[in-house]
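Trainee: Could you walk me through this model with a few questions and answers? I would like to see how each conclusion is reached.

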Amino acid sequence: MRDTGDLVVTIHIRFGRDGVVQSAEIFDANYAEDQTNFHPMVENARRAVLKSSPIKELRRYGDYYNEWRDVTITIHPPV
């Protein structure tokens, strides 16, 4: 089993023009279903993204929607 300090969660987020998170997909080669200790941490990171919706500040940048509608973030959860 790996050290929890090695966990990195990568999430691909798709936003609507109004800043609402339309999807948050876990995209991480380091995450495997058999690592049950990491599963809650990964799901917590995904829920945090969904809970932040809508990101109202993005509405100000509607002219640049094509620049920010698809975002990939990397999270290093604290341990």
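Trainee: How many aromatic pairs does a search of the whole structure find?
Mentor: Happy to start there. This is a predicted model, so to speak of local features we need pLDDT of at least 70, side-chain atom pairs count only at pLDDT 80 or more, and totals for chains, interfaces and linings use all residues. Side-chain values use heavy atoms, with hydrogens and water left out, and residues are numbered from 1 along each chain as its sequence is written. Rings of Phe, Tyr and Trp (its six-membered ring) pair if their centres lie within 6.5 Å, and on that basis the search of the whole structure gives two aromatic pairs.

Trainee: What geometry does the pair of Phe15 and Trp68 have?
Mentor: Planes under 30 degrees apart count as stacked, over 60 as edge-to-face and the rest as tilted. Here the centres are 6.1 Å apart and the planes make 70°, giving edge-to-face.

Trainee: Which elements does that pair link?
Mentor: Elements are DSSP runs numbered from the N terminus: helices (H or I) of at least four residues and strands (E) of at least two. The two residues are 53 residues apart, in distant parts of the chain. Phe15 lies in strand 1 and Trp68 in helix 2 (residues 65-68).

Trainee: Why is the pair of Tyr65 and Trp68 edge-to-face or stacked?
Mentor: Tyr65 and Trp68 both sit in helix 2, three residues apart, about one turn of the helix. Their ring centres are 5.1 Å apart and their planes stand at 85°, so the pair is edge-to-face.

Trainee: Is Tyr65 buried or exposed?
Mentor: Buried means under 20% relative accessible area, exposed over 50%, and partly exposed in between (1.4 Å probe, protein chains only). Tyr65 has 12% relative accessibility, so Tyr65 counts as buried.

Trainee: Which residues form one aromatic cluster?
Mentor: Trp68 pairs with Phe15, and Tyr65 pairs with Trp68. The cluster is therefore Phe15, Tyr65 and Trp68.

Trainee: What is the strand order of the open sheet?
Mentor: Two strands pair if DSSP finds at least two bridges between them. Strand 1 (residues 9-15) has six bridges to strand 3 (residues 70-75), antiparallel, and five to strand 2 (residues 21-26), also antiparallel. The open sheet of three strands thus has the order 2-1-3.

Trainee: Which strands stand at the edges?
Mentor: Each edge strand has a single partner strand, so one side of each is left without a neighbour in the sheet. The edges are strand 2 and strand 3.
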